[in-house]
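Work through the exercises below with the sequence and the model side by side. Try each task before reading its solution.

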Amino acid sequence: MLTIIDGYNTKPEWFLGKGSFGSVYKVEKDGNFYAMKVFQTEYLMAEYKNRLDREIKAIQKITHPNVVKFHSFGTFVDNEFEYFYIVMDLIEGKALTEYIGTIDEERCIEIIESVLDTIDSVHKEGIIHRDLKPANIMINQEGVPVILDFGLAKLIDYSSITQTGERVGTYFYMSPEQITDSKHIDNLSDYFAVGVIFYQLLTGVLPYDAANLPALIDQIKNQYPKNPSELNRDISNQVENVILKLLEKEQYKRFQSVSEIKNALQEKPIEKTKKLDLSIVNFIRLLHTEKGVFEVALKDSLIDRVIFPANFFKFYHPTVDILKKSGIPFTTDPATNRLVYTSFSKTRGVMELPYSSGSEVTPIQKKDFHSISQVQEYVKKVLDFQNENGVTEFAAPFFFAKNSDDEWFNINLKLLKESLVYRDENFPDKPVWAGICMNIENWHNEEEKTNILNSYVKTNPDGFFVYGDPIGNQSNLTQLYHYTDLLRKLQINSSAPVVACRVNGLGLVLLSLGIAGISSGIGSLDSFRESILSDTQEGYSADPRYYIPALMSMVTLKKRVTTKLIDIAQSSVGEELKCDCAYCAGIEQGTISLQNMKLHFMKKRKEEVEEIVALNPEDRLAYIESKVEKAIIYKRNLSREGVEVGDFSHLDTWYSLIQQFKKKNSKID
Ligand SMILES: [Zn+2]
């Protein structure tokens, strides 16, 4: 390196750094210091070589205080190589690269907004930066971002860079359209680069990163990065959405102006007040086949809340219409869970849902939620559909997630956040339920539990429906304990009601332990363990089941045979187990109908729930403990007398569960 170039003095120790296509030195002339960028002229675009004067003079017209000014330029020969140099302001400060992953959201927004203001005013002069990246942004001593190399990238022929690492590096911040056709890009391409910088500053990593150029180009053009909040849980949904919108692949989906971006960043989030309280108790999961049961139950006031599977709306308007007129709060299971499985494509109404894939051969897939616009469109379809069907409470779309590492887990969180945003903007008075459907196998792991709680409490919905898989009479103590523990923590920390779904008799134990609500079904479906009134353990036999409150369980009867009920009635505990409600009249003659069995169940369940709710919270555990204890004794007596009612070992598990929580509560005291 020469020590004097056209009157500018430099020294080896004034070397400031090396970029992808040149080196930068501190230089001095007439007692003033500058920065000089030097690179071989072979890097210049051939078409500009003969008209550099004109091109650089155009850039020199930029007079923005936060854009580094170009003072002079020229060429020189050193060791037989021809070099191009350009002299610019020397900025005292640190490059933005040093701030990556170290600043909070607030400071980050400040920097990004300042960068946006600067590029906006230069864009208005018709000049695009083309190479915005943290290395080209200096934070000066006043803390203000100053942009380097504005417009210079246009003169560089990137294809002449031969070193793989450096070549890849020049593409990290490039928009898909710049990769495709760098000559015809506009301000939106610079916005994309700002999106990459924004992403990197807050998460510490690049949204697109690959070891080789073809892989990187494929990512930028065809793949979607992880949501920033997956990498940094402190990122607000508002900022995340701005970043994702800046990174949209199609230009029309991006922000179209700096003022749009700044508005989106400055919008005040709506003050959240919970629209559901903790007094929610008994949800009846209503199925389409139950119109007759439903009508009687409604007349007899057996129902206080309903959840209706969305795929039946279309076919069962009469039932839904009765429901709407009843004034009973009702919501829907959006049935999104089913849309990812081919096995549900034949389930009535599933493929007709306006938010299904609409194709029997291609179910909904993760890739359908990769971009922010896909997520927002989906949420709009789901909630609009619910609104059209008159629900009083929305349920955000959700899918089964194996655990918190599953990509579906993050998709669910994003769908929920966007559901809340969409509600706030369009239906501010309607509550939104979050659905959580997960495998509970890992919930004994504190890290997994914390991850789920951190993620969901922060989203702040009005209530939670939790579907734990596998929760049922076969669940063991460890599973039940951690499932219950998570539900309780979720409710306490979110101050939103948690409803344990499809938990059958266990629901009463959960209510006693403080869970706000449960859901019980009055029909049968073969999946998701919903069959509480017909026994499908043995394939499709669908034997009816009769609910015995004192046993806290269903008893399976053989088809059309109620002799077991007569045996129970004639046992030594028959008096205590028998029901004299109107629906059960005729039970001893063996003439109870399936519809009446269902109505009997609903009546008893409602009474049981009301009994628990009437107690002081601190008395509930003792109440349920004695109820379970008694049930175990009844079962023992029946067995001794040869009346076989099935495997009731779950009662022992529930009893142990209650003991665990008694111990836990006494520790807290
Ligand atoms: Zn009865």
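**Exercise 1.** Which residue in strand 18 is the bridge partner of Cys501?

Solution. Some conventions come before the steps. Residues are numbered from 1 along each chain as its sequence is written. The model is predicted: local features need pLDDT of at least 70, side-chain atom pairs count only at pLDDT 80 or more, and totals for chains, interfaces and linings use all residues.

Step 1. Find the strands. Helices (H or I, at least four residues) and strands (E, at least two) are DSSP runs, numbered from the N terminus. Strand 17 covers residues 498-501, and strand 18 covers residues 517-521.

Step 2. Check the pairing. Two strands pair if DSSP finds at least two bridges between them. Strand 17 and strand 18 have three bridges and pair in the parallel sense.

Step 3. Read off the partner: Cys501 is bridged to Ser519 in strand 18.

Step 4. Place the pair in its sheet. The sheet is open, has eight strands in the order 13-12-11-18-17-16-15-14, and its pairing is parallel. Strand 13 (330-333) and strand 14 (394-395) are at the edges; each has a single partner strand, so one side of each has no neighbour in the sheet.

**Exercise 2.** Decide whether Ser520 is buried or exposed, and do the same for Trp14.

Solution. Step 1. State the cut-offs. A residue is buried if 20 or more other C-beta atoms lie within 10 Å of its own, exposed if 12 or fewer, and partly exposed in between, with C-beta atoms placed from the backbone.

Step 2. Apply them to Ser520, which lies in strand 18. Ser520 counts as buried because it has 23 C-beta neighbours inside 10 Å. Its C-alpha is 8.7 Å from that of Arg605, although the two residues are 85 apart in sequence.

Step 3. Apply them to Trp14, in the loop between strand 2 (8-9) and strand 3 (15-18). Trp14 has 17 C-beta neighbours inside 10 Å, so it counts as partly exposed.

Step 4. List what Trp14 touches. Two residues are in contact if their C-beta atoms, placed from the backbone, lie within 7 Å. Leaving aside neighbours within four places in sequence, Trp14 is in contact with Tyr25 and Lys26. The C-alpha atoms of Trp14 and Tyr25 are 5.6 Å apart, with their positions eleven residues apart in sequence as the separation.

**Exercise 3.** How many bridges join strand 5 to strand 7, and how many join strand 6 to strand 7?

Solution. Step 1. Strand 5 (residues 32-40) and strand 7 (residues 81-89) run antiparallel and are joined by seven bridges. Within this pairing, Met36 stands opposite Val87.

Step 2. Strand 6 (residues 70-78) also pairs with strand 7 in the antiparallel sense, over eight bridges. Here Thr75 has Phe84 as its bridge partner.

Step 3. Look at the turn. The hairpin of strand 6 and strand 7 has two residues between the strands, and Asn79 takes a positive phi near 50 degrees.

Step 4. Repeat for another hairpin. Strand 20 (residues 543-548) and strand 21 (residues 553-556) pair in the antiparallel sense over four bridges, and Tyr546 stands opposite Val555. Four residues lie between these strands, and Met552 takes a positive phi near 55 degrees.

**Exercise 4.** At what angle do helix 13 and helix 14 pack, and which residues meet there?

Solution. Step 1. Define the angle. Axes are lines fitted to C-alpha atoms, for helices over the stretch in contact, and angles run from 0 to 180 degrees between N-to-C directions.

Step 2. Helix 13 (residues 372-388) and helix 14 (residues 407-426) pack at about 60 degrees, with their axes 9 Å apart.

Step 3. From helix 13 come Val375, Gln376, Tyr378, Val379, Lys380 and Leu383; they meet Lys414, Leu415, Glu418, Ser419, Tyr422 and Arg423 of helix 14.

Step 4. Sort this contact by class: six residues are nonpolar, two polar and four charged. Ala, Val, Leu, Ile, Met, Phe, Trp, Tyr, Cys and Pro count as nonpolar, Asp, Glu, Lys and Arg as charged, and the others, Gly among them, as polar.
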